[in-house]
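Okay, thanks for coming, everyone. Let me put the structure up and walk you through it.

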Amino acid sequence: MRIAMIGTGYVGLVSGACFAEIGHDVICVDKDAGKIERLKQNIMPIYEPGLAELVERNVEAGRIAFTTDLAEGVAGVDAVFIAVGTPSRKSDGHADLSYVYAATREIAAAATGQLVVVTKSTVPVGTGDEVERILTEARPDIRFMVTSNPEFLREGAAIGDFMKPDRVVIGTEEDDARAVMAGIYEPIEKDGSPIVYTARRTSELIKYAANAFLSIKITFINEIADLCEAVGGDVRDVSRGIGLDSRIGSRFLNAGPGYGGSCFPKDTLALLKTAEDFQSPIRVVDVVVQVNETRKRAMGRKVLKALGDDPRGKTVAVLGLTFKPNTDDMREAPSLSIIQALQDSGVKIRAHDPEGMEHARGLLPGVELVDGPYEAVEGADALAIVTEWDLYRGLDLPRIASLMAKPLLFDMRNIYSGEEAEAAGFTYVAIGRKTTAKG
Ligand code: UGA
């Protein structure tokens, strides 16, 4: 099949490269000429494991190409995927659809014949209807079949998630569109992934419901973690104890400093706005959003409290700045709120991240960014591990303790055991487990 992918951001680029990998002819379109030029030289705009290799292989095989010319990209294809950004509108939290509608108008102008137009970006319920209206008003001569096909990729694991998804969701009421989509996803379906065909609005809602549910799950275990600390329990055992119940499931039950990233915070807000517009409130999500926001800053306050009565002038080493490992994405990262809370009280921050430092530089004024974890902890009064990069899982704890002014460790991702931290001389504070004072 011939596919045009509009937008070479995270979703568009990964999806385009994966569609090429399963045998389709893909043309990726982006307005950003610099980005397209770099992609042609196999320089990726984002850090995602395996992506550069995947793109290179498919460029060599002649299955993927890049252009800034949307009309050239759209001419003669079977399906156009819209994968442009849908950021939260600053004024009201609604998803900003201006990029989606701008792309739609350009597709209308460029279309040469019957076309399946697929929204892959995360778009609120009813967006497909508006996309269809724009297309048919602009080009009544052409049959457009607007289809919803949300993505469920996780940053850092996106290629695996695309190639072997838990499910593919396709929302269309038209048989011809369904046939084109079935052709596109045939290799993935043959490989064992189920395809859920549904109405377009339902498909749009599935995406938000999935992200909201996962946000609820994380927030639930985070609050159970707080209760564990209060009653003297261990949240890791609670997660295991409830997760083995197949009705609950073991994934997304890792307690931490609060969820972040480009999706959960934005999508939960957008779902709330839709619920408000349709006067059908989803109160549980409302609470989750508030609890999560509060939690991120509360983590900073927890560190402050441990620093004693006068934290001003003390130094905290922060390891891990991105919202999760294996990405350079800093959007809504808990590190931002934690560091802000510490800086507001006059604490100096020295930080390290394996991939996020470039983005962090602009976002974290006043933070000293250093080349490695051991440089970060020198003379520090506390160490906070905020993101669970593999690099931080095997730290030489005795060495770290000896480099610090005070061996105080906040393990916000529960990657160490209290025993090993204590043996290294640390006062160890984890999430949802008991604090271990140094011996
Ligand atoms: C999320 C979803 O997992 C994807 O299915 C979805 O496609 C994507 O959003 C999207 O809408 O585009 P992503 O934001 O890349 O993917 O990252 P996740 O792995 O879901 O993590 C999100 C946040 O939750 C991170 O801050 C992570 O640290 C936190 N988290 C996750 C926890 O605190 N505990 C967990 O057990 C799992």
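Let's start at the ligand. One of the ligand's oxygen atoms is 2.9 Å from an N or O atom in the side chain of E151. Next door in our list is F152, where a polar backbone atom is 2.9 Å from a ligand oxygen. And then there's E155: a polar backbone atom there is 2.7 Å from an oxygen of the ligand. How much of the ligand does the protein bury? On its own the ligand exposes 710 Å², and the protein buries 92% of that. Oh, and I should say it now: this is a predicted model.

So who's standing around the ligand? There are 19 residues, and the ones that come nearest are F152, L153, E155, K207 and N211. By type, the shell splits into 9 nonpolar, 3 polar and 7 charged residues. Two elements give two or more residues to this shell, α9 (200-231) and α11 (264-277). Of everything contributing, α9 gives the most, with 3 residues.

Now, the inside of the protein. In general, nonpolar side chains in soluble globular proteins tend to be buried together. Here the largest nonpolar core has 41 residues, and F19, F81, I184 and Y185 touch the most other members. Helix α1, residues 10-21, supplies the largest share of this core, with 8 residues. There's another core lying apart from it, with 39 residues, including L115, V123, A212 and V285.

Let me zoom in on Y185. Skipping its neighbours within four places in sequence, Y185 is in contact with F19, K120, N149, F162, V168, I170 and I195. A residue to look at alongside is G183, which sits in helix α8, residues 175-190. With the same kind of neighbours within four places left out, G183 is in contact with M1 and H24.

Last stop, backbone angles. Most residues other than glycine have a negative phi. Which way does N42 go, positive or negative? Positive, at about 60°, and N42 is not a glycine. You'll find N42 in the loop between α2 (33-40) and α3 (51-60), and N42 is partly exposed, with a relative accessible area of 22%.

N414 also has a positive phi, near 50°, and N414 isn't a glycine either. N414 is in the loop between β13 (408-411) and α17 (418-423). Is N414 buried or exposed? Buried, because its relative accessible area is 13%, and the cut-off for buried is under 20%.

That's my tour, so over to you for questions.

Note on methods
Residues numbered from 1 in each chain as written. Predicted model: local features only at pLDDT ≥ 70, side-chain atom pairs only at ≥ 80, totals over all residues. Heavy atoms only, no water. Core = buried A, V, L, I, M, F, W, Y, C linked by side-chain atoms within 4.5 Å. Buried < 20%, exposed > 50% of the residue type's maximum accessible area, 1.4 Å probe, protein only. Helix = DSSP H or I, 4+ residues; strand = E, 2+ residues; numbered from the N terminus. Contact = heavy atoms within 4.5 Å. Near = heavy atom within 4 Å. Polar contact = N/O pair within 3.5 Å; in protein donor to acceptor, adjacent residues only side chain to side chain. Areas by Shrake-Rupley, 256 points an atom, 1.4 Å probe, with all protein chains shown as cover. Nonpolar A, V, L, I, M, F, W, Y, C, P; charged D, E, K, R; others polar.
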